[in-house]
Amino acid sequence: MSEALFAIGDVVRHRLFGFRGVVFDIDPVFANSEEWYESIPEDMRPLREQPFYHLLAENDESSYVAYVSQQNLAADAEAGPVDHPSLREMFDGFADGRYRLRRSLSH
């Protein structure tokens, strides 16, 4: 098992598909359904024993929630803020290349 490279509020980019997103939750290992995992083509299927990230994601066509393995993500704060409609529900704003979690949502 590896340590998480990204934190809640970090802006990341998918290495293969190019979409961007903001991390809003982290699973230390795969924690989605078996059906979801099996739906990934076998030659692209990530290892289960690594962090998986829940993202408020966007591409050129839409905004959505994504679940992505650490091996498929890279930091992307240089590209600026993400335009996702749910960002304001979870985060206060974009500063220093990352989003700050709303105080009401932090522990």
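Two strands are said to pair if DSSP finds at least two bridges between them, and strands (E, at least two residues) are, like helices (H or I, at least four residues), DSSP runs numbered from the N terminus. With those terms in hand, the tour can start at the hairpin of E6 and E7.

Before selecting anything, note that this is a predicted model, in which local features need pLDDT of at least 70 and side-chain atom pairs count only at pLDDT 80 or more, while totals for chains, interfaces and linings use all residues. Residues are numbered from 1 along each chain as its sequence is written, and side-chain values use heavy atoms, with hydrogens and water left out.

**Stop 1: the hairpin of E6 and E7**

Select residues 91–95 for strand E6 and 98–101 for strand E7; the two run antiparallel and are paired over four bridges. Phe91 can be found opposite Leu101 in E7. Two residues separate the strands of this hairpin, and Asp96 belongs to the loop between them. Asp96 has a phi near 55 degrees, which is a positive value in a residue other than glycine. With a relative accessibility of 81%, Asp96 counts as exposed, on a scale where buried means under 20% relative accessible area, exposed over 50%, and partly exposed in between (1.4 Å probe, protein chains only).

**Stop 2: strands E1 to E4**

Now select residues 11–14, which are strand E1, together with residues 20–27, which are strand E2; three bridges join these antiparallel strands. Val12 faces Gly21 of E2 across the pairing. Five residues lie between the strands of this hairpin, and among the features to check there is Gly18, whose phi is positive and near 80 degrees.

Add residues 52–58, strand E3, which is paired with E2 in the antiparallel sense over seven bridges; here Asp25 has His54 in E3 as its bridge partner. E3 also pairs with E4, again antiparallel and over seven bridges, with Leu56 opposite Val65 in E4. Four residues lie between E3 and E4 in the hairpin that they form. While looking along these strands, it helps to recall that in a regular strand the side chains alternate between the two faces of the sheet.

**Stop 3: Phe24**

Within strand E2, pick Phe24. Phe24 is partly exposed, with a relative accessible area of 22%. Not counting residues up to four places away in sequence, Phe24 touches Ile8, His54, Leu55, Leu56, Val65, Met90 and Phe91, where contact means heavy atoms within 4.5 Å. For a distance check, draw a line from Phe24 to Ile40: the two are 16 residues apart in sequence, and their C-alpha atoms are 22 Å apart in space.

**Stop 4: Leu16 and the largest pocket**

Return to the loop between E1 and E2 and select Leu16, which is exposed at a relative accessible area of 52%. Beyond the residues up to four places away in sequence, Leu16 touches Met44 and Asn72. Leu16 and Asn72 are 56 residues apart in sequence, yet their C-alpha atoms are 6.9 Å apart in space.

Asn72 also leads to the largest pocket, since His14, Phe17, Ile40, Tyr67 and Asn72 lie nearest its centre among 15 lining residues. A pocket, on a 1 Å grid over the protein atoms alone, is an open set of points where a 1.4 Å probe fits, with protein on both sides within 12 Å along at least five of seven lines, and lining residues have an atom within 4 Å of a point. The largest pocket holds about 200 Å³ of space. Strand E4 (residues 63–69) contributes the most to this lining, with five residues. Colouring by class shows 12 nonpolar, three polar and no charged residues in the lining.

**Stop 5: Gly80**

Next, select Gly80, in the loop between strand E5 (73–75) and helix H2 (87–90). Gly80 is buried, with a relative accessible area of 12%. Apart from neighbours within four places in sequence, the contacts of Gly80 are Val11, Arg20 and Phe94. From Gly80 to Ser63 the separation is 17 residues in sequence and 16 Å in space, C-alpha to C-alpha.

**Stop 6: the annotated range**

Finally, select residues 3–102, which UniProt lists in an unreviewed entry as "domain: Hemimethylated DNA-binding"; such annotations may be inferred rather than shown by experiment. Over this range the chain is 9% helix and 38% strand, and the end C-alpha atoms are 24 Å apart.

Terms used: Points joined across faces, edges and corners; volume = space filled by probe spheres on them. Nonpolar A, V, L, I, M, F, W, Y, C, P; charged D, E, K, R; others polar.
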